[in-house]
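Welcome, and thanks for opening your viewer. Let us walk through this model together, one selection at a time.

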Amino acid sequence: MHDIAPAPAAPSGQMHPLVARLIHEMNYPLLSNLSDLAEFTARPGAHCLLVPGDAARNLETPDAAVVLPELRMSFQHAFDCAVVGDAIEAEVRQRTHALKTPSFLFWRDGEFLGAIEKIRDWDDYIARTTHILTTKG
């Protein structure tokens, strides 16, 4: 039996390869300033933003980068996705009161709906996402 090695952590200040994959392969926008964030979240419909945190210090960051596309598929693309860049991460976390990373932040039509912080069981993601998308706004 072979042990499976965990994904390597990114050096501090560098984006983890699985987070970079969301941007470069899956075409999730990287929101690197507050005006980009405001423009993206004000678009019609629901949106989920990944706040990855520092992948060198937070071993859950790669997991979140894998969970988000799966969550979006489970909800039949009911929301679009983006990644919050390092330059605005602290400000976004403070504004939304979602201080733990990684986190998924949900918006609809410019209104912040709620957050799911840290890695959770799949059933918890489904229940919380359903609640956020159906009881707000």
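In this tour, helices and strands are runs assigned by DSSP, with at least four residues for a helix and at least two for a strand, and they are numbered from the N terminus. Keep in mind that you are looking at a predicted model.

**Stop 1: the whole chain**

Start with the cartoon view. How many helices and strands are there in the protein? You should find five helices and five strands. Follow the chain from the N terminus, and the elements come in the order α-β-α-β-α-β-α-β-β-α. The protein has 137 residues, and 41% of them count as buried. Now think about contacts between residues with a separation of 6 or more: 65% of these join residues 24 or more positions apart.

**Stop 2: the largest nonpolar core**

Next, select C48, L68, L71, F79, F104, F106 and L133, and show their side chains. These are the residues with the most contacts inside the largest nonpolar core, which has 23 residues. Which elements give two or more residues to this core? They are α1 (17-24), β2 (46-51), α3 (61-74), β3, β4 (103-108), β5 (111-117) and α5 (122-135). Colour α3 on its own, since α3 gives the most to this core, with five residues.

Stay here and centre the view on C48. Leaving aside residues up to four places away in sequence, C48 touches L68, F79, D80, C81, A82, F104, L105 and F106.

Apart from the largest core lies another core, this one of 12 residues. To find it, select V51, V92, A98 and L105, which are among its members.

**Stop 3: a buried loop residue**

Now select T101. Where does T101 lie? Look in the loop between α4 and β4. Is T101 buried or exposed? With a relative accessible area of 13%, T101 is buried, because buried means under 20%. Show its surroundings as sticks: apart from residues up to four places away in sequence, T101 touches V51, P52, G53, N58, E60, E89, R93 and K118.

**Stop 4: the largest pocket**

Switch on a surface for this stop. Rolling a probe the size of a water molecule over the atoms shows where empty space is left. The largest pocket has a volume of about 160 Å³. Select Q14, M15, G53, D54 and D86, which are the closest to the pocket's centre among the 15 residues that line it. Two elements, β3 (79-84) and α4 (86-96), give two or more residues to the lining. Colour the lining by class, and you will count six nonpolar, six polar and three charged residues.

**Stop 5: salt bridges**

Return to sticks and look for charged side chains. How many salt bridges does a search of the whole structure find? The search finds eight, and we will visit some of them.

- Select E39 and R43. Their side chains meet in a salt bridge, with N and O 3.1 Å apart. E39 is partly exposed at 44% relative accessibility, and R43 is partly exposed at 34%.
- Select R95 and E91. The closest N and O atoms of this salt bridge are 2.8 Å apart. Why are the two separated by about one helical turn? Because R95 and E91 are four residues apart in helix α4. R95 counts as exposed, at 53% relative accessibility, whereas E91 is partly exposed, at 31%.
- Select D124 and R120. Their side chains meet in a salt bridge with an N to O distance of 3.2 Å. D124 is partly exposed at 24% relative accessibility, and R120 is partly exposed at 29%. Now add R128 to the selection: R120, D124 and R128 are joined into one network by salt bridges that share partners.

**Stop 6: across the sequence from helix α2**

For the last stop, select helix α2 (residues 34-42), where you will find A38. A38 is partly exposed, with a relative accessible area of 43%. Add G110 and draw a distance between the C-alpha atoms: A38 and G110 are 72 residues apart along the chain, and their C-alpha atoms are separated by 7.2 Å.

D36 lies in helix α2 too, and at 30% relative accessibility D36 counts as partly exposed. Draw one more line, from D36 to V84. These two are 48 residues apart in sequence, and 9.8 Å apart in space from C-alpha to C-alpha.

Technical notes: Residues numbered from 1 in each chain as written. Predicted model: local features only at pLDDT ≥ 70, side-chain atom pairs only at ≥ 80, totals over all residues. Heavy atoms only, no water. 1 Å grid on protein atoms, 1.4 Å probe; cavity = no way out; pocket = protein on both sides within 12 Å on 5 of 7 lines; lining within 4 Å. Points joined across faces, edges and corners; volume = space filled by probe spheres on them. Nonpolar A, V, L, I, M, F, W, Y, C, P; charged D, E, K, R; others polar. Core = buried A, V, L, I, M, F, W, Y, C linked by side-chain atoms within 4.5 Å. Buried < 20%, exposed > 50% of the residue type's maximum accessible area, 1.4 Å probe, protein only. Contact = heavy atoms within 4.5 Å. Salt bridge = Lys/Arg side-chain N within 4 Å of Asp/Glu carboxyl O.
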